[in-house]
Structure formats: structure tokens, C-alpha cells
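Me: I have a structure open and would like some help reading it. Could we go through it one feature at a time?

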2 protein chains.
Amino acid sequence: MGKRLIILGGGFGGLYAARELRRAPLDVTLIDRRNFHLFQPLLYQVATGSLSPADISAPLRGILSGQKNTRVLLGEAADIDPQARRLILKDGAAFDYDYLLVATGSKSSYFGNDSWSERAPSLKTVEEATAIRHKILYAFEAAERAGVPSLRRAWLTFAIVGAGPTGVELAGALGEIARHTLKHDFRSIRSEDAQIFLLDGSSHVLPSYPEDLAADAERSLIRLGVQVRPGVRVVGVDANGVTFQNQRGESECLIAKTVLWAGGVTVTSFGRALAAKTQAPTDKQGRIRVNPDLTIPNWPEIYVVGDLAGLDGKDGKPLPGVAQVAMQGGAYAAKAIVRRLDGPKQLKPFHYFDKGDLAVIGRGAAVARIFGAHLSGLLAWLVWLFVHLMYLVQFQNRVVVFVQWGFQYVTFSRGARLITGDIKEE
Amino acid sequence: MGKRLIILGGGFGGLYAARELRRAPLDVTLIDRRNFHLFQPLLYQVATGSLSPADISAPLRGILSGQKNTRVLLGEAADIDPQARRLILKDGAAFDYDYLLVATGSKSSYFGNDSWSERAPSLKTVEEATAIRHKILYAFEAAERAGVPSLRRAWLTFAIVGAGPTGVELAGALGEIARHTLKHDFRSIRSEDAQIFLLDGSSHVLPSYPEDLAADAERSLIRLGVQVRPGVRVVGVDANGVTFQNQRGESECLIAKTVLWAGGVTVTSFGRALAAKTQAPTDKQGRIRVNPDLTIPNWPEIYVVGDLAGLDGKDGKPLPGVAQVAMQGGAYAAKAIVRRLDGPKQLKPFHYFDKGDLAVIGRGAAVARIFGAHLSGLLAWLVWLFVHLMYLVQFQNRVVVFVQWGFQYVTFSRGARLITGDIKEE
């Protein structure tokens, strides 16, 4: 029996660590709340009716079934006893470890207004994606049946809070749904009359992108009919819509039956428990400030990778919570653990190799920063397609997603326009 | 403005009626609780992780968007005032009609024990299919984590109640999941050790099929490790499993954490309201005994097609509740309404053309009765594949399902093995 490594989380960080360890002399246990790896960057396509959840998911057991040193368990981490090197799951089961790799990710943040989540779902899980799909499609159905014009307008008004990549991608997809996908489907309304608002506190969309690309993205959004409202501060979300302070400091109320949240992320409750029990320093988002080798200060056997890890990049700014950082962190931590098996060693610190950023706005419209070059338009869109297909974990997913995208490109249709779950709307 | 026809339900009956009317001088409204047509015959493949809900669904609006005389509304019929020719929806909205075509289908029947549905979900809706998928996959996960052998065995025991086509297809798919799909995925259990029981009150499986085909199907099931228990009467379903009276009249208890219901169907609450308000005669399953032209006696403007219609075939037995009967009934009723627009006419009664029956047990194993011929094995399986692909309403679905089946055939894998929804299990 090798030393016991527990990997918590089967997202990009945990999965890439596990795969790196396929021939390691370790007894690896991967624990996740879900039985599948989810390709988060395409989750907005589930929410907007292009893809099914299974198209962007791969069963963790299936991916790792050939890896004899690894077992996969369904379970949710609740607490930790770092002195005893013991992990406690929500159902009370306890697991001892020699090394622990924490890759539990982040959850959506409503900046202290968690009650808004009922009205304004965010996009982190498969269930939230199908709930958003339900909300978007149902809004058009309700508008078609609404008799009163003001009610019809409220159903045809969509507000998206947060203009980072997720908010921009949601807004762009909504614009395409209204202008193309549903164009001939209704008799009482014109789906093109839908109004889509994109609200953000920054002065422009995609604040983390270079300014020229952000400006290109904004132009593409405007072409799809999206109304960008920068510099606003949301102060309320209720059954009527969103209330916010605009750039001039005035209070405005946007009447919208559909509000979607792409506002930001925070740490999970296990992340907080881990920080508390290890007395680890945290940054203002609650991320654990890790050592340059991704371990927690004073706990060399606990590695933290992905969204929960707070580490500064070469430019002195914290590394962003994106898939690339998690993948590279997972692979680095896995290699570091293997090298330490032969005894203490001085290891090179984790170095994030920034390949770039990609965001898609719509058909033929995307912005990309790749190895330093700035691209936008059709070329960026083709790069986006290629990169996203290639990073899908399973070959089967790549083929199915490619087929679905092909149909969507030719027909403007979206294959997964299902309203599922309870239909209970006001 | 033409005369107003309301079609209730977008299943096989309602959709085939609507499509038949694409050039009719009628003002057609199709009302369904769902925004999509569901290809029910493949729903068991969603429940067993082969396909996604969207693969076998097509948005009703999308299918009918080019049909200018037809509008689609999301709504659920609650009541009817046949004297006033008025339909009332659950949300209180009322719609007047000149002709009404009722194709609301059936729902699962627990023979008066509706409380069993909590423990033993049935397979009628997309939500039920994903709930069954959750139950099946979670059972293997829980078995992997169970410490006590008796608990492990309970999680690895599956009981399916009802050995009609749905029950047989579920049992066959479960056998393949246990023996092939999950074979290398677990470390503490052997998925092949799963026990699958198929219970039915009849003396053999597929009671509505010719006896030679039923015997072939049973042999295929046994090859997949399914244990067939004919002649039993289920008397209870609870957290421990199923209690039933066996063939010798003894009471038996089968300890199984997973019980699935494929027991039978009954009419929906709107079907009952319709029968009551029109004082229509019903059969013992609650179906409305329609005239030979599919109208309700004394209500020549109300047509009933599909599972809600009770009509005897040439052999004097009631027509079965299958897709073919609904499709042909819908098309017949649509044509009859168009012909009557020019004034009263004597119309030929509805004649059901029985093309046959198909049930699949597993890879290369199916039984088929086609135009009188009996087939089983590989040839029946190929016919089954071809027929099901061809009857999928959208070309895109055909391609995606074909790709998924191709991968499954080559790799023995199943692409949609997601446990979604709340994970709360004892």
C-alpha cells in the first residue's frame, strides 16, 4: 500500500491532478459531491438551450476506471481535523490521509444578499443551468399568453447582473435566441422585441480583459440588441425586477420578470472550515493564501488548487479563477507529491503559464487573447470553438457537441429548448 | 378566420393531427403542459443513461413554426364546458372552440396505491426518467460506500414491477449497465453482482406479445442476469423493498433499495373531467368509449385519440395504448374535421392499421412482430434501431441519437450517466 492521497473535487483541479497520478505509487481517493466532471466553460450553453448537461459532463468513474491506484467516491466534505490528518464527510464518514489535495472550487456570491438567489439564479451547477433555461424559455411562453401590454413587456425584459465572461456569454446567447432562434415561433409577440440588459459595476464589459477586446465585445453585444449599463450598483432584486444606482447616483428600477446572476464567486463552506482549522491566512474573497508550492502555510501535506487558492501571479495580481489555473495547479501539486515520496526536496514554486482568455458573444463573434495576441470576430470565434472542443474530456462529448453546433450554425435552431421541472410561475 | 380547432396535447396523437392540418382552412391552437414533444418509446434510454432528454424531445413551437394557421400555447387543461364549447385551463384562462381534439394521454397507475410512487418512480415524464437515472446510478455509488454486506446487497438489488415493454426494456438496460457499462468502475463492489428482478402478475413477460416472442425475450433477459418472477401480486412497496404474493400464494419480501414501477396506466384528471361533463361511457381503465369515428357519443365536435380513447379493434379487443394508435387516430381525426368543414358527411370509421410491435432487450437482442412476421435477435434489433431513428421527429435528433448509439455500441459506455437533482438518500 502506498501513501494515501485524498483529492477533494473532480473539477479541473482535482481531475487533472488525478490523471497526472495514473502511474504513481500512491493510494488515491477522489471524492466529489457529483459523479461527473462538468465542463463549466460551456455551462452557459446548457442554460441557453444549445446543449444538454450530459454533452459537457463525463462520469468521473468512467474517466478514471482504468487507473487501478485510484478509487472514486461520491461524498461531500464537511470538516477536517488537520492534526489527525482526517477528513470528515457530510454523512459522518471519516477518511485518513497522508496528503490532501483540496480542489473544491467556488460558489456564486450575492455579496451578502443570498435571498436574491431565489429570483436571480446563477450559473454554477447543472441544476442551475436547467433552471435558467426554464426561466428564459418560460418568459417567452408567458409573454405569448399575457394579455396586458405592460405584463408582456415585463416578461420580454431580461436583466443579467455581471458583465464578466459568463454574463457576456449569457447576454449574447439571449440576444441570438430572441433575434434568430425563436423568430418564427410566436403569433402574439415578436421575440425580437425582447430587451436584454447587462448590468455591471465596472466602467465596461469584460473588466479583466484588455480594453480593446472589451470594446470589441461590447460592439458585438450591441449588434445583438443587448443594452449595456456600466457603472451601476445593484441594490435589490425582487418579483418586479432589479433596482440599482446608476452612474449618476440615481436610483433606477428595471421591470423584468427574468433576472440572471453572473455577479461573482466566493468560497464554499468547506473552504471556510479548512481555513479556520488550519488557521490559514485568507484574502478578501475568502481564498486561502497558499505558499508558492500551493501548500497551506504550516501544513505541508495539504495542497490547495483552483478557485480556493489565493496566489499572486508574476504581475503581482491574484491568479484568476479560471480553468487553466486550476488544471495547471492540479498537475503541479500531483507532481510535487510524487517527488516528495522519496524524501524531502526543494521544489520549484508553481508557475502559471497564461495561455490567454477567450469569450464568445455569438455566431462568428468572440474575443481572444492568445499567447499575447489580441483577436476578435470570426477568427477568435473559430479559435474558441477549437479550444473548447479539444478541452472536452471525452471524445464522445467532442463529437456530440460538434454535431449540435453544426446543426445550430446551419439552422439557427437550438436543440435543447426544453422547459423541465415544476412549472410554477406568477 | 376559419373555424377554431383546439388540440389538447402535443404527444403522438396531437402532433400528428396538427401536422396533418398544415394547409387546412382552420384556426388551430395546440395546447400542451410542456413546450416539447417527447418521443416516449426511448424514454427508458434517458432513465438508463444512454441519452439526454433533449435527444428525444423536439420543441413543439419549432416543429410547427412554419404552419401559419397554428399557434402553440403552454397550458394545462383543467375542465371543460361542452355545452358552451369552452375549455378551461388550470390558470383560469378559457378558450372557445368549434372542434376539440383531445390527446392528453395517460398517466402511470399504481392500482390505487399512489403512495408507492414515492418509493417506486414510474416512467412517463422527463423528470421521472432523470429521477430513475439518479436512483439507479446512486444505488451503485451507495453500494461502493456501504460497509455492511447486507446493506451493500440491498443497494445492489433492483426490482422492476411490470413486465410489459417498458419493464422489459428497463430490466434489459439495467442488466447491461451492471454487466458491461460499470464493470471496471468500482473498487469495493463488483457491479456484475447486482441482482435484477422483474415481477409481473402474468404467467410470462410481454403478455401482449405472441408467445414465441415473449419466450425469446425472456431468454434474452435471463442471459443478462435478470430474474423473472411471473404470477406475482405486489402488495406493498416501502423503504426496505417490495412485498408480494408469489405463485404459490405465499407472501415474500424482496429487500431492494431500488424499486421501479412499470405497472400500467390510467386516465388523467382532465380525462375524468371530460368523461363526467360529457356523460361519456368509459371502460374499466377509465378510457372514454368513443364512436367508430373517434368522437364522443352525442358530442360530434369532440374527438378523442390516443391513450384516452377506448375503441375495439378488428379482433374485438381494445386497441392498445401505443404510439401507432395515437398517430393514426390523430391523423384520422384531423382529416375528418377538414372533410366536415364543407357540411355534414358520412365518413368511414377509423381503421387501425397494425404494423406490429417492437421491444428491445439489449445489445443485439430484440423481439419484433412486423406485418405479421415474428423476428427476434439481431435482425429484430436492427429493425428496432431503424424504426426508432426514423420516427424521431427532428433530423437533428436522429443524427445525435445515432452518434450516441454508435459510441455505446463500440465502447459499451453510456454517455449520460449523471446523477442530478438533490442527493438525499437514506
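Me: Which residue of chain B does the side chain of A:Glu141 meet in a salt bridge?

Reply: Happy to help, and please keep in mind that this is a predicted model. To read a salt bridge, look for a side-chain nitrogen of Lys or Arg within 4 Å of a carboxyl oxygen of Asp or Glu. Here A:Glu141 pairs with B:Arg61, at 2.7 Å from N to O.

Me: How many salt bridges does the rule find across the interface of chain A and chain B?

Reply: The rule finds 4 across that interface. Polar contacts are counted too: 22 residue pairs link chain A and chain B in this way. On chain A, the elements that give two or more residues to the side touching chain B are strand 4 (57-59), helix 3 (60-64), strand 5 (70-74), helix 4 (126-145) and helix 11 (395-411). By class, that side of chain A has 23 nonpolar, 14 polar and 14 charged residues.

Me: How many residues of chain A are in contact with chain B, and what area do the two chains bury?

Reply: 51 residues of chain A touch 51 residues of chain B. Between them the chains bury about 4,400 Å², with 54% of it on carbon and sulfur atoms.

Me: What turn lays chain A on chain B?

Reply: The general idea is that two copies of a chain are related by a rotation about an axis and a shift along it. In this model a turn of 180° with a shift of 0.0 Å along the axis lays chain A on chain B, with an RMSD of 0.0 Å. That is how a two-fold axis relates two copies. The same surface serves both copies, as 100% of the contact residues of chain A recur in chain B.

Me: Which residue meets A:Glu76 in a salt bridge?

Reply: That is A:Lys90, at 3.5 Å from N to O. The pair links distant parts of the chain, 14 residues apart: A:Glu76 is in the loop between strand 5 and strand 6 (77-81), and A:Lys90 is in the loop between strand 7 (86-89) and strand 8 (94-96). Over all chains, the search finds 40 salt bridges.

Me: Where is B:Pro292, and which residues is it in contact with?

Reply: B:Pro292 lies in the loop between strand 19 (288-289) and strand 20 (295-296) of chain B. Leaving aside neighbours within four places in sequence, B:Pro292 is in contact with B:Leu311, B:Tyr332, B:Pro349 and B:Phe350.

Me: What scores does the model have?

Reply: Where pLDDT is low, the predicted coordinates should not be read in detail. For chain A the mean pLDDT is 95, and 99% of its residues reach 70 or more. The model scores ipTM 0.92 and pTM 0.94.

Conventions: Residues numbered from 1 in each chain as written. Chains lettered and ligands numbered in written order. Predicted model: local features only at pLDDT ≥ 70, side-chain atom pairs only at ≥ 80, totals over all residues. Heavy atoms only, no water. Least-squares fit on C-alpha atoms with pLDDT ≥ 70 in both. Contact = heavy atoms within 4.5 Å. pLDDT = per-residue confidence, 0-100. Buried area = accessible area lost by both parts, 1.4 Å probe. Polar contact = N/O pair within 3.5 Å; in protein donor to acceptor, adjacent residues only side chain to side chain. Helix = DSSP H or I, 4+ residues; strand = E, 2+ residues; numbered from the N terminus. Nonpolar A, V, L, I, M, F, W, Y, C, P; charged D, E, K, R; others polar.
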